[in-house]
Amino acid sequence: MKTLNRFLFTKIDNASLILFRIFFGILISFECYGAIFTGWIERTLIEPKFTFNFIGFDWLQPLPGYGMYIYFFVMGSLGICIALGYKYRFSIVSFTILWTGVYLMQKSSYNNHYYLLILISAMMSFLPAHVNYSLDAKRNPALKRNFMFGYVKWAIILQLFIVYTYASIAKLYGDWIDFSFIKILMADKANYYFIGELLQHPWVHKIISVFGILFDLLIIPALLWKPTRKIAFFISIFFHLFNAVVFQIGIFPFLSLAFTVFFFAPEVINSIFFKKKVSYDEIQTTPPSFKNFIYVLGSIYFIIQLLLPIRHHIIKDGVLWTEEGHRMSWRMMLRSRTGRITFKVLNTDTQHSTLINLDDYLSKKQRRRIAAYPDFIWQFAQRLKQEHIKEGSNVSVYALHSKVSINGKPFRAFIDPKVDLAAVEWNYFWHNEWILPSENRKE
């Protein structure tokens, strides 16, 4: 225990945390302002008549009118405040709450970095990232410090290790290892200038597949080990810039590069970014009075982070087929799903049935999702029930001709057409039996 106390509560230079705060604030500002100017808000939150929120958060719908533009402008402005270290605690906590709201509000545009932003923002809410090179420290010199406790650095690194390791393990399945999914992933990149044709070659697919697995598995250990740190850093630059250009996934590649500041010696960071900052030599001190709180909070948090990505192993059938346990599991860019479906609404009192025209209800982006994801299907059935039910009448909703193709394979029956989806409850933690079984268990 004494060794662990020394490891976590030694005072170390805080240059990495200060620099990361600046990068983080700038990047989330770009993310939020970019959502306004690229039309993401229009397509995702304004154009649809309703959004597919995380189940249980039905009350969380987009603000009317121009409300979501204001919402994102506020978040972008909070990002600037975070970068400047202005009213830091208020800014980071406010951003965390608002961003979590957006995350829970819609699933049509789901990316793992949306979830990662929640986790990092929540962690940063507790960390002393504003005690130097900030407007807060300038206004209140008593706040200024050049050190932080070791646990700050290692909490961030452990979170990254979990993300990358689970991402690597998730790639160890048939369609990634035989390169067939990489071929699908690159097919719509064929018209890219200069690199489009190159990305269609089988030998390129093999390199991407193997490199993706090895990078995710080894990058954190390689950055931690001084002899491989520099080469790992340059490999990271290539890897993340490649992802930024080819997949166009917003700030995630640049956020990943920003995390590398936690792996370099404070002297290096100070010499490049904070030339006037006095480097702080590591000092072993008596653990602070709040150490037990750190142990309890950290243990609970990281146990959850370790268990969430593997929960699909205790759910019936395979996650690649059912999608149950997919989100918040760092299963990044692993599959391509397309589906076909027809919804029938039946008034059980009159026996009058209606086939639903999806164009009357859903945006183009939502229509691409609705047939392939079971939670979307169930939620839409609940909405159809509410819209068609009348006083004194009963309504049933059925998914007819539901079929799904995963990674370009033949379409297979997906949802049981005999089950009244309006009457069944959503099973949050286990398998929903109205999802028909896959041919291959635990893909």
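**View 1. Helices H11 and H12 (226-247) each supply at least two residues of a nonpolar patch.** This is a predicted model. The patch lies on the surface and is formed by Leu198, Trp203, Ile207, Phe211, Ile231, Ile235 and Phe238. Together these residues have about 680 Å² of accessible area. Look for Trp203 in helix H11. Its relative accessibility is 49%, so Trp203 counts as partly exposed. The cut-off for exposed is over 50%, and buried means under 20%, which is why Trp203 falls in between.

**View 2. Lys107 forms a salt bridge with Asp375.** The closest N and O atoms of the two residues are 2.7 Å apart. This pair links distant parts of the chain, with 268 residues from one partner to the other. Lys107 sits in the loop between helix H5 (88-105) and helix H6 (112-124). Asp375 belongs to helix H18 (residues 374-388). Is Lys107 buried or exposed? Lys107 is buried, because its relative accessible area is 1% and the limit for buried is under 20%. Asp375 is buried too, with a relative accessible area of 6%. Now add Arg327 to the view. Lys107, Arg327 and Asp375 are linked in a network of salt bridges. The structure holds 10 salt bridges.

**View 3. Lys171 and Asp216 form a salt bridge.** Here the closest N and O atoms are 2.7 Å apart. Where do the two partners sit? Lys171 is in the loop between helix H8 (150-170) and helix H9 (174-177). Asp216 is in helix H11 (residues 202-224). The two are 45 residues apart, and the pair links distant parts of the chain. Lys171 has a relative accessible area of 6%, so it is buried. Asp216 also counts as buried, at 6% relative accessibility. Helix H11 appeared in View 1 as well, where it supplies at least two residues of the nonpolar patch.

**View 4. Arg335 forms a salt bridge with Glu323.** The closest N and O atoms are 2.8 Å apart. Both residues belong to the loop between helix H16 (319-322) and strand E3 (337-347). They are 12 residues apart. Arg335 has 18% relative accessibility, so it counts as buried. The limit is under 20%, and therefore 18% still qualifies. Glu323 counts as buried at 11% relative accessibility.

**View 5. Strands E3 and E5 run antiparallel.** How many bridges join E3 to E5? There are 10 bridges between them. Pick out one pair of residues in this view: Val345 stands opposite Val397 in E5. In strand E5 (residues 395-406), 10 of the 12 residues are buried, so the strand is largely enclosed by the rest of the structure. When following a strand by eye, keep one rule in mind. In a regular strand, side chains alternate between the two faces of the sheet.

**View 6. Strand E5 also pairs with strand E6 (residues 412-413).** The pairing is antiparallel and has 2 bridges. Val404 stands opposite Arg412 in E6. E5 and E6 make a hairpin, with 5 residues between the strands. Which residue of this hairpin takes a positive phi? Asn407 does, with a phi near 55°.

Note on methods:
Residues numbered from 1 in each chain as written. Predicted model: local features only at pLDDT ≥ 70, side-chain atom pairs only at ≥ 80, totals over all residues. Heavy atoms only, no water. Salt bridge = Lys/Arg side-chain N within 4 Å of Asp/Glu carboxyl O. Helix = DSSP H or I, 4+ residues; strand = E, 2+ residues; numbered from the N terminus. Buried < 20%, exposed > 50% of the residue type's maximum accessible area, 1.4 Å probe, protein only. Patch = residues over 30% accessible without salt bridge, like charges linked within 9 Å, V, L, I, M, F, W, Y side chains within 5 Å. Areas by Shrake-Rupley, 256 points an atom, 1.4 Å probe, with all protein chains shown as cover. Pairing = 2+ DSSP bridges.
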